[in-house]
Amino acid sequence: MTKLRLAIVGAGPAGIYAADILLKAERNFDVSIDLFDHLPAPYGLVRYGVAPDHPRIKGIITALRDVLDRGDIRLFGNVRYGTDITLDDLKKHYNAVIFATGAVHDADLAIPGIELEGSYGAARFVSWFDGHPDVPRTWPLEAKSVAVIGNGNVALDVSRILAKHADDLLPTEIPANVYEGLKASPVTDVHVFGRRGPTSVKFTPLELRELGELNDVDIIVHDEDFDYDDAARAAVASNKQVFVIDKVLNQWRNRETGSASRRLHLHFFARPVEVTDDGNGHVGGFKYERTAPDGHGGVVGTGEIREVPIQAIYRAVGYYGSSLPGIPFDKKRGVIPNREGQVLWKGEPGFESSTASQQMYGVYATGWIKRGPVGLIGHTKSDAMETVRHLINDVGNWWRPESPSEESILELLDERGVAYTDLDGWHRLDQHELALGAEQGRVRVKVVPRHEMVEISRAQVPAEL
């Protein structure tokens with residue numbers, strides 16, 4: 001009987017779901033799966049990309065934990081692909097690899113002034129307030145007026161965290177350094193800008209409603225943004241999600257405002273034009289062009305330019321994947337070129353192209369690094385099913401490793417001095433964080449420094465329970 005030794009690089013939802021789906025799939029061979037991640041803890045963007053005041057969304061972790069805790073998948077954290085292990089190493093020890101490395105960097109916004117001091121990527125800010133170990137512990141929260149560019153859920157997360165009073169985040173797992181930073185923030189106004197109208201937003205009704213629940217924060221919307229055309233009215237009538245969003249926004253139009261100490265402004269029909277300089281190389285304002293409905297669900301420019309004075313700007317216009325050593329990469333889309341998860345190349349690994357044509361046998365992709373940063377958990381599962389189906393059918397083209405034993409990869413990592421973490425180590429870190437939270441009447445307090453995460457996971461220092 002054939003046995004598949006599979007490596008999966010990336011221990012977020014995409015990688016864990018791929019492992020789970022393969023183990024449950026109909027097949028005529030045994031499977032042994034090793035899951036690698038560059039972070040000491042699993043769960044990827046669910047742990048480090050979801051705002052701490054979203055406990056319902058973080059409930060996804062429960063399902064992921066159930067998969068890992070079955071005991072039929074090995075976890076190796078704090079292992080960097082390309083440094084601690086290479087493609088040649090994987091070929092030596094496994095029959096195939098699935099890359100599930102996601103997309104964690106901010107997409108560019110090509111407008112003048114975006115490089116000024118005080119201009120930030122939303123993804124990096126999210127990593128900071130989520131306690132990502134590779135992000136500096138401090139963040140420059142010095143602006144009274146802030147702009148957030150984008151109309152997706154990340155834009156709302158960033159805006160909500162900026163506008164929310166720090167004390168209202170204390171019941172969550174927000175790290176202490178993040179609380180202190182937000183507590184000292186002088187912000188009074190957060191402006192959210194979207195290029196299209198209210199019926200074309202990309203955020204969900206749940207995210208939108210949460211804005212209206214913020215303590216001591218007025219939500220400001222503008223009547224001029226609600227002069228709908230036929231296409232917008234049709235969207236409200238035909239789409240339940242759009243209907244709910246429209247209903248919430250119109251309720252806010254009738255709210256009394258003016259008593260709160262902070263304001264969150266929603267600007268629609270606003271196309272980014274320029275970030276202006278305050279004269280000292282720092283963000284001083286945001287210029288945008290007023291757009292208008294084009295009658296077909298899109299917008300056209302009106303030529304009217306407006307400017308809002310700000311001291312900081314966050315771009316939340318999408319995520320972008322990272323290239324991986326030895327693996328083809330599409331620079332335009334920020335993904336690994338693939339056909340339904342089968343990685344494609346032109347014969348030279350590491351090339352950068354969007355026109356790859358032949359299959360790179362033994363190499364697969366799933367999740368955002370496969371399809372781009374779109375879709376929710378449901379898409380991630382169907383994505384993994386597609387990739388796993390091809391992996392199973394490609395049995396004749398798997399690698400033939402020299403050293404496929406399960407012990408051999410442990411020997412390799414030990415030989416290289418890699419301080420890897422495993423599932424038992426994650427359980428130790430998890431219990432440590434929960435205990436820290438219990439001491440303060442909170443659900444969890446995250447350990448942020450990487451070395452502390454590793455030490456606790458590897459039981460090199462006693463967990464202070």
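A residue counts as buried when its relative accessible area is under 20%. Thr380 has 9% relative accessibility, so Thr380 is buried. This model is predicted. The points below cover a seven-stranded sheet, an enclosed helix, aromatic pairs and some individual residues.

**Thr380 and its surroundings**
- Thr380 sits in helix α13, which runs over residues 377–393.
- Beyond its neighbours within four places in sequence, Thr380 touches Pro13, Ala14, Tyr17 and Arg371.

**The seven-stranded sheet**
- Seven strands build an open sheet, in the order β3-β2-β1-β4-β18-β17-β16.
- The pairing in this sheet is mixed.
- Which strands stand at the edges? They are β3 (73–76) and β16 (338–339).
- Each edge strand has a single partner, so one side of each has no neighbour in the sheet.
- Helix α14 (residues 406–415) packs on this sheet.
- Helix α14 touches β1 (3–9), β2 (30–36) and β3.
- The directions of α14 and β3 make an angle of about 5 degrees.
- At the other edge, β16 pairs with β17 (residues 342–345).
- That pairing is antiparallel and has two bridges.
- Asn338 stands opposite Val343, a residue of β17.

**An enclosed helix**
- Helix α7 covers residues 153–163.
- How many of its 11 residues are buried? Nine are, so α7 is largely enclosed by the rest of the structure.
- The buried residues of α7 include Ala155, Leu156, Asp157 and Val158.
- Ser159, Arg160, Ile161, Leu162 and Ala163 are buried in α7 as well.

**Aromatic pairs**
- Two numbers describe a pair of aromatic rings: the distance of the centres and the angle of the planes.
- The model has 20 aromatic pairs.
- One of them joins Trp139 and Tyr314, with ring centres 6.5 Å apart.
- Are the rings of Trp139 and Tyr314 stacked or edge-to-face? Planes under 30 degrees apart count as stacked. The planes here are at 20 degrees, so this pair is stacked.
- Trp139 lies in the loop between α6 (122–129) and β7 (145–149).
- Tyr314 lies in strand β14 (residues 312–315).
- The Trp139–Tyr314 pair links distant parts of the chain, 175 residues apart.
- Trp139 is buried, at 13% relative accessibility, and Tyr314 is buried too, at 1%.
- Phe193 and Tyr288 form a tilted pair. Their centres are 5.1 Å apart, with 50 degrees between the planes.
- Phe193 belongs to strand β8 (residues 189–193) and Tyr288 to strand β12 (residues 283–293), so their pair ties together parts 95 residues apart in sequence.
- Phe193 is buried, with 1% relative accessibility, and Tyr288 is buried with a value of 6%.
- Trp139 and Tyr314 also belong to one aromatic cluster with Tyr120, Phe125, Trp128 and Phe129.

**A charge over a ring**
- Arg458 lies over the face of Tyr420. The distance to the ring centre is 5.7 Å.

**Arg306 in strand β13**
- Arg306 is part of strand β13, residues 299–309.
- Is Arg306 buried or partly exposed? Its relative accessible area is 23%, so Arg306 is partly exposed.
- The side chains of Arg306 and Glu304 make a polar contact at 2.8 Å.
- Leaving aside neighbours within four places in sequence, Arg306 contacts Glu224, Phe286, Lys287, Tyr288 and Arg290.
- Tyr288 in that list is also the partner of Phe193 in the tilted pair.
- Val273 lies 33 residues from Arg306 along the chain. Their C-alpha atoms are separated by 9.4 Å.

**Positive phi in two loops**
- Which residue in the loop between β3 and α5 (87–93) has a positive phi? It is Asn78, which is not a glycine and has phi near 60 degrees.
- Asn78 is buried, with 13% relative accessibility.
- Phe269 also has a positive phi, near 55 degrees.
- Phe269 lies in the loop between β10 (262–267) and β11 (270–277).
- Phe269 is buried, with a relative accessible area of 7%.

Definitions and conventions. Residues are numbered from 1 along each chain as its sequence is written. This is a predicted model: local features need pLDDT of at least 70, side-chain atom pairs count only at pLDDT 80 or more; totals for chains, interfaces and linings use all residues. Side-chain values use heavy atoms; hydrogens and water are left out. Two strands pair if DSSP finds at least two bridges between them. Helices (H or I, at least four residues) and strands (E, at least two) are DSSP runs, numbered from the N terminus. Contact means heavy atoms within 4.5 Å. Axes are lines fitted to C-alpha atoms, for helices over the stretch in contact, and angles run from 0 to 180 degrees between N-to-C directions. Buried means under 20% relative accessible area, exposed over 50%, partly exposed in between (1.4 Å probe, protein chains only). A polar contact is a pair of N or O atoms within 3.5 Å; within protein, one must be able to donate a hydrogen and the other to accept it, and residues adjacent in sequence count only if both atoms are side-chain atoms. Rings of Phe, Tyr and Trp (its six-membered ring) pair if their centres lie within 6.5 Å; planes under 30 degrees apart count as stacked, over 60 as edge-to-face and the rest as tilted. A charge sits over a ring if NZ of Lys or CZ of Arg is within 6 Å of the ring centre and within 35 degrees of the ring normal.
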